[in-house]
Amino acid sequence: MLKREATYRSMADNSVEALNRSQKSEERFVHLTTHSSDWYWETDESDRFTFLPNGKQRPSGLPPAQLIGKRRIDLAVDPNAPALREYLRKVERREAFENLRYRTQGSTPGTTRVVNISGAPFFEHGVFRGYRGTGRDVTDEVERTNELARLARENTAIIENSPDIMAVLDEDGNYLRISEAAFEILGYGAREFLGRHFLEFIHPDDAAIGSEALSGCKRHKRFASEFEARWNQRRGGIVHLSTFLRWSAAENLLYLTSRDITERCNAQAALKQSRDEIASMLESIGDAFFAIDKHWRIKYVNSKAANLAGADREDALGKTLWEVVPQIRNSPTADFYRRAMENRQPVFFEAYSPVVKAWIEVRAYPNADGLLVSFYDISARRVAELAVRQSESRLRDVIQLTPAGYLRCAADSCIVDVNIALCQIAGYAREDLVGQPLDQLFPGCPWQEALFGRHSDDVAHALEVAIHHQDGHEVPVLFNGRIERDGDGRALSFTAFLTDITNRKQSEMHMQHLATHDSLTGLPNRAYLHAHVEGMLGRDGASVPFAVMFIDLDRFKEVNDSFGHEAGDLLLREVARRLRTPLREEDLMVRLGGDEFVIVVPCEAPREAGAAVARALLDSLAEPVNIAGHELHVTASIGISVFPDDGHGKELLFQNADTAMYRAKAARRNAYRFFEPDMSVQVKTRMTLDVALRHALRRNEFALHFQPRINLQTLEISGMEALLRWKHPEFGTVPPAEFIGIAEESGLIETIGMWALEEACMQGAALMRRLGRPLRISVNVSARQLQAPDFADRVSAALRAGAMDAQLLELELTESTLIEDLDRSASLLKELKALGVAIAVDDFGTGYSNLAYLRRFPLDVLKLDRSFLVQQDEGISNVAFIKAFVDMAHALGLAVVAEGVESPEVLEFLCRTACDEGQGYLFAEPMPVDAVEAYLSAWLAGALPAPAALL
């Protein structure tokens with residue numbers, strides 16, 4: 001007994017101890033879930049929360065009691081978020097999941113938080129009871145990541161849009177990254193820099209400057225170095241760049257920034273050269289020279305002028321001319337100076353100077369500040385050499401004033417004389433050229449050999465050559481020269497004028513670009529395409545296959561018609577940009593014109609590569625294009641031919657790609673097709689029909705068939721539509737769908753259409769006279785016919801020739817024809833209405849269906865397309881729509897004719913909608929004129945059942 005009691009006491013003590021341990025464990029769990037940065041959660045079998053902690057770390061911030069029983073998806077911002085869909089799949093499969101991230105509702109209305117959850121299923125006795133897991137609020141982390149990404153994008157945009165070159169170099173000075181400005185300034189692509197030392201791009205004469213800057217940054221541990229140097233451009237030119245190098249010891253990298261200072265350097269060099277040349281020239285020339293301002297104060301005087309005037313050079317500066325040489329104030333010389341100053345025109349004169357006490361020749365040139373005056377003593381040769389002096393003076397004036405460069409060379413090929421214009425063209429000072437051999441100026445003088453030969457050509461005219469510029473590049477010039485020879489034919493001297501034709505050459509290059517590129521998109525054009533493909537076919541061992549892809553935008557004309565050509569141009573530029581995106585650098589993209597593009601893709605497996613590129617091109621057009629606030633969905637049809645499988649010549653490859661493109665367009669559009677041999681058969685058939693069609697009218701192969709129209713209110717025959725038929729002696733009856741399009745493309749539709757109109761008037765009027773009752777004759781008119789400026793006169797002539805009442809003629813036009821030129825259409829319809837002719841719009845509802853033009857144009861009839869009736873016949877309830885359509889037409893004063901009436905149900909339906917007239921196989925099929933006459937006679941005689949019997 002005592003032993004049992006002891007056992008009971010021991011068991012009780014153990015239970016109490018277990019309870020205490022359980023309570024402490026529960027306290028630790030509550031403390032953990034309340035104060036942890038993550039939160040613990042539990043859901044039941046229905047995915048509803050059964051436990052949530054009281055901590056504030058949960059994103060909703062709501063008490064657990066308000067969340068218990070709700071599903072996770074009920075609290076999510078987007079129930080269809082990918083993470084939630086993955087969560088539901090895992091739960092359905094009873095699988096654990098980790099780090100699923102989604103956005104849930106925040107603690108206050110309108111706010112959201114991003115959470116990251118992990119969990120695993122738990123089971124009791126093998127039965128699924130729900131999920132347990134943890135979650136964490138990662139909103140701040142996501143926002144920090146997004147902010148860092150935004151800052152990175154902004155930094156990238158700043159770098160790429162800077163006009164300065166920005167680059168990262170390794171410690172040795174090799175490029176690691178470089179901005180797009182390098183291409184604009186130096187002409188090299190970014191890839192051409194990578195891995196190459198920056199000194200490779202610096203002019204060799206300036207490389208030491210860049211090397212010293214690099215050494216200063218890296219070896220001497222200077223934070224930064226700055227230097228100015230000349231850099232080589234890809235196209236052979238030179239640019240001056242101011243470069244800043246900064247060394248980062250922490251990153252072991254160099255940061256380079258370069259700015260284009262070419263214009264500044266050129267201006268400084270030109271200014272220095274000009275000053276040096278002027279100073280040297282003014283002191284070295286034999287003339288006396290001085291310069292005065294507008295107030296006659298002396299700004300400069302050379303030594304010779306000061307000596308001749310008997311004045312101290314330094315003392316004369318700043319004084320007026322009259323103070324230094326008062327003797328000339330009232331002399332003729334002063335009158336010349338005043339005239340030059342007032343008229344701002346140079347003056348040249350000879351006069352006796354009382355100051356110099358000799359005859360002098362004077363040149364006075366006005367400038368912005370005053371006058372530049374040079375003079376020299378001509379007393380010794382005034383009489384004896386007057387004629388020679390005048391000739392030389394005129395020649396020198398011409399040489400100095402002409403914009404063409406002047407060159408005189410001795411028989412030993414050394415330069416004797418040049419003018420300022422030549423120095424400016426070549427970039428040399430005069431003293432750098434005079435005394436130098438021709439090689440200094442010409443890479444290859446066209447006449448150097450002639451100087452050493454006898455009786456060679458003496459005159460050269462308009463030769464295009466190049467001369468060396470001082471900075472290293474070549475300047476194209478137009479060369480006109482003459483060799484003076486002695487009596488034995490030996491050269492004495494060589495004189496030439498050189499005209500700078502740089503601008504002309506640049507214009508020629510620009511014109512060449514315009515001739516080979518499309519002005520709208522900047523893409524190469526048809527001429528470039530032909531030359532490129534010929535080059536590919538003409539290469540040595542032309543065995544590299546390639547694919548030719550013809551691309552035509554689907555329904556592009558509708559964009560121009562609906563939104564205008566400016567919107568169409570915007571669309572073409574965007575399409576060109578998108579199509580170029582998936583292509584490689586070696587792939588060629590060309591715009592042929594309109595909405596047609598061609599892409600040439602060189603590849604080893606052209607069919608596989610062509611298919612992949614075609615899919616990528618179609619995908620690039622998948623996103624809608626926003627034009628003028630409208631979202632436009634663009635699709636394209638692509639035809640592909642392959643070299644050498646589909647042809648060895650460019651014309652055949654182009655033709656086959658074009659054929660395949662039309663097959664893609666005919667199939668379903670927004671697709672691509674490879675050329676197949678059977679496509680050529682179809683093209684040849686079409687060409688055969690085209691040729692035959694050109695003779696069909698002369699051979700009387702056309703005929704008119706007539707289909708009666710029924711008044712649906714009285715169920716009486718009210719008129720007929722004239723339909724064109726072609727019976728070829730070899731092909732038999734050719735369906736209109738096969739030859740009408742060919743006639744429109746070839747332009748024959750205008751002649752054929754007028755024949756149909758004239759025949760309809762003659763046959764219709766004759767038929768009405770024989771039947772003794774009026775019938776309205778409806779005739780289709782093409783867009784080409786309407787473009788004829790005298791179309792109304794032709795209609796009037798057809799009516800007169802057929803002796804037909806104009807009120808019984810109805811002309812059927814399509815919607816697209818009317819809106820192609822609204823003003824022209826409105827004017828033409830008014831002319832036709834003045835004749836008394838009725839106007840109908842054919843197949844209304846299949847095109848633009850714009851009510852605006854219904855009110856603008858003087859229309860009489862709308863022909864409802866048969867597609868609406870087919871839908872009704874298939875059981876699609878369309879009564880309300882067509883009833884509303886008929887009511888609208890009646891409100892506008894227009895009658896409605898339904899095409900394609902082929903069942904009593906459709907007839908009954910149309911009668912209920914108050915439709916005015918109908919035509920279709922239910923009443924009668926199109927018939928030749930004799931058959932339709934028999935049909936109408938039988939109907940009038942009561943030999944045929946009335947249309948009312950069909951209801």
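**Helix contact and backbone outliers**

In this predicted model, Phe-556, Val-559, Asn-560 and Phe-563 of H20 meet His-565, Ala-567, Gly-568, Leu-571 and Leu-572 of H21; contact means heavy atoms within 4.5 Å. Local features need pLDDT of at least 70 and side-chain atom pairs 80 or more, while totals for chains, interfaces and linings use all residues. Residues count from 1 along each chain as its sequence is written, and side-chain values use heavy atoms, without hydrogens and water.

Student: How many nonpolar, polar and charged residues has the contact of H20 with H21?
Tutor: Ala, Val, Leu, Ile, Met, Phe, Trp, Tyr, Cys and Pro count as nonpolar, Asp, Glu, Lys and Arg as charged, the others, Gly among them, as polar. By these classes the contact has 6 nonpolar, 3 polar and no charged residues.

Student: At what angle do the axes of H20 and H21 cross?
Tutor: Axes are lines fitted to C-alpha atoms over the stretch in contact, with angles from 0 to 180 degrees between N-to-C directions. The axes of H20 (residues 556-563) and H21 (residues 565-580) come within 7 Å. They cross at roughly 140°.

Student: Is Asp-47 buried or exposed?
Tutor: Asp-47 lies in the loop between strands E1 (38-43) and E2 (49-51). Its phi is near 65°, positive in a residue other than glycine. Buried means under 20% relative accessible area, exposed over 50%, partly exposed in between (1.4 Å probe, protein chains only). At 9%, Asp-47 is buried.

Student: Which residue does a cis peptide bond join to Phe-643?
Tutor: Omega of this bond is about 10°. The partner sits in the loop between strand E26 (636-643) and helix H23 (650-667). It is Pro-644.

Technical notes:
Helix = DSSP H or I, 4+ residues; strand = E, 2+ residues; numbered from the N terminus.
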